[in-house]
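Q: Could you take a close look at one part of this model for me? I'd like to go through the cysteines, with a glance at the surroundings afterwards.

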Number of protein chains: 2
Amino acid sequence: MEAARCVTFGQYLRPHFYLLLLIFLRNGPHTVEGVWPLPQTFTSSIERSPLSPEAFYFEYGSQSAAQQGCSVLDAAFTRYFPLIFPDYTGNGVLRFYADKPFRLVITVDRDDCESYPNEDSSERYNLSVSARQASLNAETVWGALRGLETFSQLVYQDDFGSYFVNKTEIVDFPRFQFRGILLDTSRHYLPVKTILQTLDAMAYSKFNVFHWHIVDDPSFPYQSRTYPDLSSKGAFHPMTHIYTQSDVRRVISHARLWGIRVLPEFDSPGHTASWGKGQSDLLTPCYRGSSLSGTFGPVNPVLPSTYQFMARLFKEVSSVFPDSHIHLGGDEVNFSCWSSNPDIRAFMKKMGFGVDFTKLEAFYMENIVNITSALNKTAIVWQDVFDYHELRSSLSVVEVWKGGCYLCEVRRVAKAGLRVILASPWYLDQPGPTHNWARFYTVWPLAFKGTEEQKKLVIGGEVCMWGEYVDATNLTPRLWPRASAAAERLWSDEKQTSSADKAFPRFQDLRCKLVRRGIRAEPLYVGHCKHEYQGV
Amino acid sequence: MEAARCVTFGQYLRPHFYLLLLIFLRNGPHTVEGVWPLPQTFTSSIERSPLSPEAFYFEYGSQSAAQQGCSVLDAAFTRYFPLIFPDYTGNGVLRFYADKPFRLVITVDRDDCESYPNEDSSERYNLSVSARQASLNAETVWGALRGLETFSQLVYQDDFGSYFVNKTEIVDFPRFQFRGILLDTSRHYLPVKTILQTLDAMAYSKFNVFHWHIVDDPSFPYQSRTYPDLSSKGAFHPMTHIYTQSDVRRVISHARLWGIRVLPEFDSPGHTASWGKGQSDLLTPCYRGSSLSGTFGPVNPVLPSTYQFMARLFKEVSSVFPDSHIHLGGDEVNFSCWSSNPDIRAFMKKMGFGVDFTKLEAFYMENIVNITSALNKTAIVWQDVFDYHELRSSLSVVEVWKGGCYLCEVRRVAKAGLRVILASPWYLDQPGPTHNWARFYTVWPLAFKGTEEQKKLVIGGEVCMWGEYVDATNLTPRLWPRASAAAERLWSDEKQTSSADKAFPRFQDLRCKLVRRGIRAEPLYVGHCKHEYQGV
């Protein structure tokens, strides 16, 4: 409203406005609430510069290893321009004066423009904003992306719609290297554009891993080149409820441009009911007494054909998803079907497993981990795999998801020398009061007894949005802004961000920024945003 | 997907398809799950007729009191055509054959086309669908609207995208006359288009009252002609977060075309903090000891100016909102400020109220009810007003909202001879498991000990969507489809709809219909709709 007014009759007056504003408002309160997640060091002054969309330039620094043509940064400049100037329509009304230019100069140490972000990518950046220029320096383009996000959050508008940025010095880097969000596209299918928009919102809170729980019991939407029947028979619908190879590429490419890794999960041996529809003899036939019951259990771990199938499937998956990691699941395996099956029991006996089915499960997972290791992928597994046996040599990264004393489990995994991802406190699909964001904010992932070395093994955390009650109709307001509470815990200095009360106004401001950017982030409490959500 | 295929290469084959379908599918399962809320009597056959958008006609029956030019029905035909044929683009591909026409013939007894629906409006209708025609008969245009909704839900598509309707006989009428949804536009502002879409979704479940809780403590978005300062000072923003007279007219007019009443609530004497910003001397100044504390409490009930203000405000409101009823609130009055104020205490003494502030509250409400009665409006109040005193002669309709034994309260109100609206079990804003729709379904509003006469005083119920944690970002998935569970309770025969398990598939089908119509109704459990929500 205000902005529109400015454009319609304030156009020629704006230079005078600037003068007036500089006179009257220079010492007034600056209206930007701050950056989310909070940078590691942040010094800002009330001295502010006006910004004009017509005289704002992204530039590569002369010393920058990346220059024009850098796909990641060129695309980022295009995306961030309207995020920095949300009112700007580009319908260039003729202007009779020249605003002084403002240059945002980006310098990166490495030309990693065409690569994918990985687990070792530096996301560190320095941002220095002064009167007519800002300098953004980073080791990698991924760090530059984080700095661009921060810069976009520093810009604010006054009541007349004019843009400003305050003099600011920032040195920033993430506390944890792994900051993920899990989406479940099996229990409900999520359209590709819903996934892409979630990636956008992730970048706004500096998340850097999209954990794609792509298949599970209810449906198998991944369209495999090698085994097309998996989706043609196992998806909710073989044409409309699948992810084609091109869809997957689109997701990976969109994520890359935001500096987000795509971590695929093909969970087995449990959670595989949908796999059985397109691949016969993969699942264990269950018995009732001495005859087949007609139902199927987990993947059959005693047949060589199972491992041949898995080797071919994971070979494909490894080539489709460029990330160095792969999530192999391994959670919640129900043993009743296995124990009903005489072939499985005979195998147990032969292997000397007795009646301990966790040994069979360990045997299975060991084989799968070996398959993916041979494909040069590092496996991530759910904590169950760590819990059920002593044979942990093949494991690398364990994701802790169960409730109760989750830090006890974090400690056990770290003590065993394995890396840990913490998900337990961030199950956002769970029903509960909407306004419980503070529950996700006040989490202390390292508050366990352990050595410095052990604590370093906690590589990060993840927000899980399981799909039982979630699809494209309600995903966004359920995820945002609550996931951003976890994002600050995973990025920022714990000591500076220990009070939810203190964070609240900045969190509300973030929520309004998300809404302004078209993300249906739900409200935290009574109040309003200057620009409310305008869709239906 | 399927439908598109039919258009692109099935066009000239369709008549043959029909034949094949008639041969192969005549005795197959009919794929329509049914109508929500369930009609009172419903007989359907597996005999089905194809429908073609190019050969489908709405017609007024020759005996109908309403004929072409009837605003309500003409508009309804325009709206329902795309709801009945959701795939139809109207890009008329040339057709080389003529489908046999299908006529939906509407006959109403009364020409109430230009009126507003009211508390006595009949919504009864009969719908008879046969081979090439459907007859819809109703006493009023409002009943015809309900029948059109039912007809639209009877039409279904096969896997090729062709439309069908089964031979069906329906006699239908609502169990309760008042079936409302409350939206709160004070705690968060809701854009007009969000309200209009909610009205659309209400009509899909045959709700007939939009209870507009338009103002409250946090903001006063209603732009009054008489007292413009109320919104210019009391709204979240005086330009962007208000409802102008034209906005209000638009809401009322949209609601009328769906046969929905708009019941405004101007809640007092509590819940009025925002009123005080634009109207000095309206609220009670609170004291700390013998001096003013600087804060304000409920409306000041001892000043004559209060009643002059209220009389003028309600005079305006009564003319702006055509409904015969008005909601006066009266809930949750905090007595601490009143009791701190020496003028109030002096008034209490003069009136002989002692220290019983409920008497003062009763005195205030009595005055307000008298003001609105003089304006020919019937007052509805929250149960507090009924609870706090014996002087109930002026009361007419009481809305029960408190938890606990709400049927005990319903019984008390009915025993006192007053009409009852039940809201307690339908507070949908409350956090809780998403999948708790059965809780809203298994409610028995008349399961209290009382005479037939007393039970008739229960005129209906209402879903309340308070605004603490709800705005345009999350309203729709929080409201739908759960509100529809209440809708069936309020419309249908209790005996036929007593099992949530039995209702579940029909409820899931409704949810997919809502999604198909662009309503972001959230999922009930794992699964999919043929057409998923496509927005972001």
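How far apart are the sulfur atoms of A:Cys70 and A:Cys113, and what do the two residues form?

A: Keep in mind that this is a predicted model. The sulfur atoms of A:Cys70 and A:Cys113 are 2.1 Å apart, and the two residues form a disulfide. The torsion about its S-S bond is -105°, which makes the link left-handed. As for where the two ends sit, the pair links distant parts of the chain, 43 residues apart. A:Cys70 is in the loop between strand E2 (56-60) and helix H3 (71-84) of chain A, while A:Cys113 is in the loop between strand E3 (102-108) and strand E4 (125-129) of chain A. Both ends are tucked away: A:Cys70 has 2% relative accessibility and counts as buried, and A:Cys113, with a relative accessible area of 3%, is buried too.

Now for the wider set of cysteines. Searching the whole structure turns up eight disulfides over all chains, and the A:Cys70 and A:Cys113 link is a disulfide of chain A. If you number the bonded cysteines of chain A in sequence order, they pair up as 1-2, 3-4, 5-6, 7-8.

Another chain A disulfide is formed by A:Cys286 and A:Cys337, with 2.2 Å between the sulfur atoms. The torsion about this S-S bond is about -105°, so this disulfide is left-handed. Here the link runs from strand E11 (residues 283-288) of chain A, which holds A:Cys286, to helix H10 (residues 336-340) of chain A, which holds A:Cys337. Those are distant parts of the chain, with the two cysteines 51 residues apart. In terms of accessibility, A:Cys286 comes in at 9% and counts as buried, and A:Cys337 at 7% also counts as buried.

Over in chain B, B:Cys512 and B:Cys529 form a disulfide with their sulfur atoms 2.0 Å apart. Its S-S torsion is about -85°, so this disulfide is left-handed as well. B:Cys512 belongs to helix H19 (residues 500-516) of chain B, and B:Cys529 to the segment after H19; the two are 17 residues apart. The two ends don't share a burial class, though: B:Cys512 is partly exposed, with a relative accessible area of 21%, whereas B:Cys529 is buried at 1%.

Then there are cysteines without a bond. The closest cysteine sulfur to that of A:Cys464 is in A:Cys405, and it's 18 Å away, too far for a bond, because a disulfide needs the sulfur atoms within 2.5 Å. A:Cys464 is buried, with a relative accessible area of 0%. Chain B has its own case: B:Cys464 is in no disulfide, and its nearest cysteine sulfur, in B:Cys405, is 18 Å away. B:Cys464 is buried too, with a relative accessible area of 0%.

As for the surroundings, aromatic rings are worth a look. Over all chains, the structure holds 82 aromatic pairs. In one of them, the ring centres of B:Phe56 and B:Phe102 are 5.9 Å apart with the planes at 10°, so the pair is stacked. B:Phe56 lies in strand E2 (residues 56-60) and B:Phe102 in strand E3 (residues 102-108) of chain B, so the stack ties together parts that are 46 residues apart in sequence. Both of these phenylalanines are buried.

Chain A also has an aromatic cluster, whose members include A:Tyr189, A:Trp212, A:Tyr243, A:Trp275 and A:Phe321. Charges show up over rings in both chains. In chain A, the charged end of A:Arg517 sits over the ring of A:Tyr204, 4.5 Å from its centre. In chain B, the ring of B:Tyr116 has the charged end of B:Arg256 over it, 5.9 Å from the ring centre.

One last stop is B:Ser135, in strand E5 (residues 133-138) of chain B. B:Ser135 is partly exposed, with a relative accessible area of 25%. From B:Ser135 to B:Leu104 the C-alpha to C-alpha distance is 5.9 Å, although the two are 31 residues apart in sequence. If you set aside neighbours within four places in sequence, B:Ser135 is in contact with B:Val105, B:Asn126, B:Leu127 and B:Ser128.

How values were computed
Residues are numbered from 1 along each chain as its sequence is written. Chains are lettered from A and ligands numbered from 1 in the order in which they are written. This is a predicted model: local features need pLDDT of at least 70, side-chain atom pairs count only at pLDDT 80 or more; totals for chains, interfaces and linings use all residues. Side-chain values use heavy atoms; hydrogens and water are left out. Rings of Phe, Tyr and Trp (its six-membered ring) pair if their centres lie within 6.5 Å; planes under 30 degrees apart count as stacked, over 60 as edge-to-face and the rest as tilted. Helices (H or I, at least four residues) and strands (E, at least two) are DSSP runs, numbered from the N terminus. Buried means under 20% relative accessible area, exposed over 50%, partly exposed in between (1.4 Å probe, protein chains only). A charge sits over a ring if NZ of Lys or CZ of Arg is within 6 Å of the ring centre and within 35 degrees of the ring normal. Contact means heavy atoms within 4.5 Å.
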